[in-house]
Amino acid sequence: MEIHSLASGSSGNAYIIAHQGRALLLDAGLSGKRTFAAMAAVGVNPGSVTAILITHEHNDHIAGAGIISRRLGIPLYMTAGTWQGAKGALGKLAEDKIHLINARDRFYLNDIEVTAMPVFHDSQEPVNYIFDTGRHKAVILTDTGCVTEEMLAVMANCDAMVLETNHDSEMLQRGPYPWHLKKRVASDRGHLSNLQAARVLARLVARGKITQAYLGHLSAVNNSREAAIAAVSKYLVAQGMASEPVLDSLTALPRHSPGPVLQVK
Ligand SMILES: [Zn+2]
Ligand SMILES: [Zn+2]
């Protein structure tokens, strides 16, 4: 299984989960044109994409979803709450292209067991997804203000992850955002800070076999790639995890362009 980030951040999120010649598109926050250009750049054939999974209805996750579904003739998977929030923005879609799921469903797509996991975010019924081929397991954890024990249990034994490091708490507090936006981002229905993300990763290292983590959904204003990597590394080292392979894998995904492939192994 390979994960390609096509873009990661508040101006658009889209990931490709490729496995045995077929692919899933996880979120579609770029325009159709930009999505297809990014797929070409990472060598993914649009014809191999069999479905689009949506995490929640914010525009940075759905902007291209309707167009791409129509262009490729592929279904969209999302919770009923997300559909309620998103349908006005998706354009006309045939009924058989809308697959509504429950927030804890497990289902198979492209020989991958996909598990939906409820997350905590200021949207109607947000979920993240875990991808398990039977041999390898990965999660893309973004757009959640907190991580619960239940979520840690669902993510246990992942080999690899994309982990939201949205903001550095001090940069957010000192930064230019208006007070209500600072409060929203930092709340437990906002986004994970670098330190929150580091704690999640340390818990997953302690209880499982995770060896790779790419950092995503970084704020342009309240974080930097260097600050995110430094914060996570520092925390893991302080937890006695200096020799864990995951430390060497830490890579901050670019906001506007495809990142390096994450080969889940
Ligand atoms: Zn987002
Ligand atoms: Zn969001």
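Four donors count as tetrahedral if all angles lie between 85 and 135 degrees, and as square planar if opposite donors are over 155 degrees apart and all others between 65 and 115; any other arrangement of four is irregular. Keep that rule at hand for the first two views of this predicted model.

**View 1. The zinc ion (ligand 1) sits among four protein donors.** Let us start here: the donors are Asp60 (OD), His61 (NE2), Asp143 (OD) and His217 (NE2), and they lie 2.1 to 2.3 Å from the zinc ion (ligand 1). The 4 donor atoms subtend angles of 91 to 164°, and the arrangement is therefore irregular. Two of the donors bring distant stretches of chain together: His61 belongs to helix 2 (residues 59–62), while His217 is in the loop between strand 12 (212–216) and helix 9 (225–238), so the pair ties together parts that are 156 residues apart in sequence. If you want to search for the pattern, the donors of the zinc ion (ligand 1) follow the spacing D-H-x81-D-x73-H along the chain. Are His61 and His217 buried or exposed? Both His61 and His217 are buried.

**View 2. The zinc ion (ligand 2) has a donor set of three histidines and an aspartate.** Here His56 (NE2), His58 (ND1), His121 (NE2) and Asp143 (OD) coordinate the zinc ion (ligand 2) at 2.1 to 2.7 Å. The angles among its 4 donor atoms run from 86 to 176°, and this site too is irregular. Along the chain, the spacing of these donors reads H-x1-H-x62-H-x21-D. Take a moment to look at two of the histidines: His56 counts as buried because its relative accessibility is 1%, whereas His58 has a relative accessible area of 22% and is partly exposed. Which residue coordinates both zinc ions? That is Asp143, and the zinc ion (ligand 2) and the zinc ion (ligand 1) are 3.4 Å apart.

**View 3. Tyr77 and Phe107 form a stacked aromatic pair.** A search of the whole structure finds 1 aromatic pair, and this view is devoted to it. The rings of Tyr77 and Phe107 are 5.4 Å centre to centre, with 5° between the planes. Tyr77 lies in strand 5 (residues 76–79) and Phe107 in strand 7 (residues 106–109), so the pair ties together parts that are 30 residues apart in sequence. Tyr77 and Phe107 are both buried.

**View 4. The largest nonpolar core has 31 residues.** Good places to centre your view are the residues with the most contacts inside this core: Met117, Leu141, Met155, Met161, Leu163, Leu201 and Leu236. Two or more residues each come from strand 10 (137–141), helix 5 (149–155), strand 11 (160–164), helix 8 (194–207), strand 12, helix 9 and helix 10 (245–249). Helix 8 gives the largest share, 7 residues. For a residue-level look, try Leu236: leaving aside its neighbours within four places in sequence, Leu236 is in contact with Ala198, Leu201, Ala202, Met241, Ala242, Val246 and Leu247. Apart from this core lies another one, of 28 residues, among them Phe36, Val42, Ile74 and Leu93.

**View 5. One open sheet holds 7 strands in the order 7-8-9-10-11-12-13.** Its pairing is mixed, and at the edges are strand 7 and strand 13 (251–252), each pairing on one side only. Strand 11 and strand 12 run parallel over 5 bridges, with Glu164 standing opposite Gly216 in strand 12. Strand 9 (residues 127–132) is mostly covered, as 5 of its 6 residues are buried. Strand 8 (residues 112–118) is joined to strand 9 by 6 bridges in the antiparallel sense, and Val114 has Phe131 as its bridge partner. Strand 9 also pairs with strand 10, antiparallel over 4 bridges, where Tyr129 stands opposite Ile140. Strand 9 and strand 10 form a hairpin with 4 residues between them, and Gly134 in the turn has a positive phi of about 100°.

**View 6. A further open sheet has its 7 strands in the order 6-5-4-3-2-1-14.** The pairing in this sheet is mixed. Strand 6 (98–101) and strand 14 (262–263) are the edge strands, and each pairs on one side only. To follow the chain ends of this view, look at strand 1 (residues 2–7), which pairs with strand 14 in the antiparallel sense over 2 bridges. Glu2 has Gln263 in strand 14 as its bridge partner.

Conventions: Residues are numbered from 1 along each chain as its sequence is written. Chains are lettered from A and ligands numbered from 1 in the order in which they are written. This is a predicted model: local features need pLDDT of at least 70, side-chain atom pairs count only at pLDDT 80 or more; totals for chains, interfaces and linings use all residues. Side-chain values use heavy atoms; hydrogens and water are left out. Donors are N, O and S atoms within 2.8 Å of the metal (3.2 Å for Na, K and Ca); water is not among the atoms, so sites may look incomplete. Four donors count as tetrahedral if all angles lie between 85 and 135 degrees; four count as square planar and six as octahedral if opposite donors are over 155 degrees apart and all others between 65 and 115; anything else is irregular. Buried means under 20% relative accessible area, exposed over 50%, partly exposed in between (1.4 Å probe, protein chains only). Rings of Phe, Tyr and Trp (its six-membered ring) pair if their centres lie within 6.5 Å; planes under 30 degrees apart count as stacked, over 60 as edge-to-face and the rest as tilted. A nonpolar core is a set of buried Ala, Val, Leu, Ile, Met, Phe, Trp, Tyr and Cys residues joined through side-chain atoms within 4.5 Å. Contact means heavy atoms within 4.5 Å. Two strands pair if DSSP finds at least two bridges between them.
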